[in-house]
Amino acid sequence: MCRQVHGGIEPAWAVTLTFRSTVVDVASGRRNHLFGDLIMCGIVAYIGKRHALPVLIEGLKRLEYRGYDSAGVAILDGKMEIAKSIGRVRKLEELVEKTGGFKGTIGIAHTRWATHGGVTDRNAHPHCDDKKLGHNIAIIHNGIIENYSSLKKYLEEKGHTFESETDTEVLAHLIGELYKGDLEKAVQAALREVTGAYAIAAICKSEPDVLVVARKGSPLMVGVGKDEYIVASDSSAIVAHTTQAFTLADYTVAKLTRDSFRTSTVDDVPVDAQVKELEFDLAEIELGDFEHFMLKEIYEQPGALRTCLKGRVDTRSGQIVLGGVLQHAKMLATARSVTFVGQGTALHACMIASYLMEELGKVNADWDYASEFRYRNPIVEEGTVVVAISQSGETADTLAALQEAKQRGAFSLGVVNVVGSTISRETDAGVYLRVGPEIGVASTKAFVGQVMVATMLALFVGRRRYLSNDFVSSFLKSLEQIPDAIERTLKLSDKVKASVAKYIDRENWLFLGRGLNWPVALEGALKLKELSYIHAEGMPAAEMKHGPIALIDNGMPCVFIATKNSQYEKVLSNIQEVRSRGGHVIAIATEGDEHIATMAEEVFYVPDVPELLQPLVTVIPLQLLAYHAAVLRGKDVDKPRNLAKSVTVE
């Protein structure tokens, strides 16, 4: 018997886990390749002695930043109890409460960000095998089954009928078709027929004491408790219950009972699981006294950067110690070119990184959209280094660009926040951000961490090429002062809020900067767009005259990054051009610059830091601006519409 509860009328429609050491890929020598529309949904599953439902609902709430189009849960208690609802997890929770709750001690749950099929109750996970089989098996799935169409045709020819539009249901039916009394073997057999990427969890009425999970290309880990296991897409759903966990390597299947587990490949070759200690505690993923995770993470940036720097800089000796790349120092010092690839906020960090690498490292450097890199037939010569920047380490476009670069012979580096993530395993070497978990969908502390690591990497290369010890030592002293400078800048929050309130009804904004502050202007525009849904454009200030100046009308907010640097006078000229056309200037300026106040309606002063380090402080008022704009407009700051934390969609 299977009972399903749905939530009503259907409409038309990376927390990072950080281990103390890197988890090694033990999956039968196979390389990971990320396919198609791998998406950042959330998986949580439980088997133990407690009631599963509270654990699953709590886990879904912690994973909701990964997807929130719909949610669902399946629990075994003699029968298969399933509830699904479009919308947020709280709607699912209310729906289950109306039924009196599900009482079993084994279950699976999912938050979805739609790819195959619209946002409807029937497309929400979990999905079951064929109805004629009594819905014996239920699964949840992150990823995409690329060959689902041919598999579906095969199953239909065998008499299967489908109730949803999803590729996940096809996988559920395939497992059901292959089931011969052993869920683990059925999952293994099904996954051998699958092309694509997946993280799945499966339960079966015929085996009420078994939970089977598997992974390829999409993160999945298993928390190990006392006579219980909690499976999740990341440790935010695990850390409240246990500090012990292991990640599943690609092509790995785990069979969990209440008191034991077994790990093997999809070909049923046993593999060892490396249980590690979770590095952060529950407080790091709790809101505390903050109203939103984004605001909390904005204020965590000084501490995050201190952790990022800790043990990596020696101002007395002028040394940068990056253990992840130290053994490749000679190769990096003789590199002919460096290309940084990323998407979204990480791309803006790539732009800054290319400036820094050329200025400090004196290496030919550029940047590219990861999504375009492999489609433009990039030239990769001997001595080419490609650096993939990604908060989650799972971004599909960035991973695909990385794989293309490696195939063409490039040396690859990763700059990621999540230890053991796919990019960290695919690259030849790399540097972790160490900025702690980031829950808010709009990245903040990961961005400043990426810029900080890019700065250290450029110094690391430059010191081995031409930079003097005295220069590096002096520069590192300035670098170590950046967290204090950010703390001072954060005091602008109330002033930013009051200023933004004057322009909150304006639907078009411009963000302008030059040099290293041009990518910061792009980042400011992106933050405003994704959080408040205001149309905003970021661009080099000089580019404004070549078309966009036509947009400026009376009172249009134009945000200039106008700090004292080598292009300061040029920026002032651009400000005059905006003012003469009725635009209102909001300026990010250097403390002590009284002249700028005569040219701008609003001025946010930041500490005077070296020009190459200015992005680390000039971005802070822009983060606050976007945050307060979203709050004033009544938007969901931590979960902007249509967005997930890590865009693993190619």
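**Aromatic pairs and overall dimensions of the predicted model**

Tyr369 has a relative accessible area of 40%, which places this residue in the partly exposed class, between the limits of 20% and 50%. The structure in which Tyr369 is described here is a predicted model. Trp367 also falls between these limits, and with a relative accessible area of 26% it is likewise partly exposed. The ring geometry of these two residues is taken up again below, after the overall architecture.

The secondary structure of the protein consists of 19 helices and 27 strands. The radius of gyration is 25 Å, close to the 26 Å given by the globule rule for 650 residues, so the protein is as compact as a globular protein of that length. The C-alpha trace extends over about 75 × 55 × 45 Å along its principal axes. Of the 650 residues, 64% count as buried. The exposed surface of the protein amounts to about 23100 Å², and 48% of this area is supplied by carbon and sulfur atoms. The side chains include 72 positive and 82 negative groups, and the centres of these two sets lie 1 Å apart.

Eight aromatic pairs were counted in the protein. In one of them, the rings of Phe246 and Phe261 have centres 4.9 Å apart and planes at 25°; this angle is under the limit of 30 degrees, so the pair is stacked. The contact joins distant parts of the chain, as Phe246 lies in strand β12 (residues 244-247) and Phe261 in strand β14 (residues 261-265), with the two positions 15 residues apart in numbering. The two partners differ in accessibility: Phe246 is buried, at 0% relative accessibility, whereas Phe261 is partly exposed, at 30%. Ring pairs also bring Tyr229 into a cluster with Phe246 and Phe261.

The pair formed by Trp367 and Tyr369 has another geometry. Here the ring centres are 6.1 Å apart and the planes meet at 70°; because this angle is over 60 degrees, the pair is edge-to-face. Both partners are partly exposed, Trp367 at 26% and Tyr369 at 40%.

Positively charged side chains were also located over aromatic rings. The charged end of Arg464 sits over the ring of Phe460, at 3.8 Å from its centre. Lys152 lies over the face of Phe162, and the distance to the ring centre is 5.2 Å.

Terms used
Residues numbered from 1 in each chain as written. Predicted model: local features only at pLDDT ≥ 70, side-chain atom pairs only at ≥ 80, totals over all residues. Heavy atoms only, no water. Helix = DSSP H or I, 4+ residues; strand = E, 2+ residues; numbered from the N terminus. Rg over C-alpha atoms; globule rule 2.2 N^0.38 Å. Buried < 20%, exposed > 50% of the residue type's maximum accessible area, 1.4 Å probe, protein only. Areas by Shrake-Rupley, 256 points an atom, 1.4 Å probe, with all protein chains shown as cover. Lys, Arg positive; Asp, Glu negative; His and termini not counted. Charge placed at Lys NZ, Arg CZ, Asp CG, Glu CD. Phe/Tyr/Trp six-rings, centres within 6.5 Å; stacked < 30°, edge-to-face > 60°. Lys NZ or Arg CZ within 6 Å of the ring centre and 35° of its normal.
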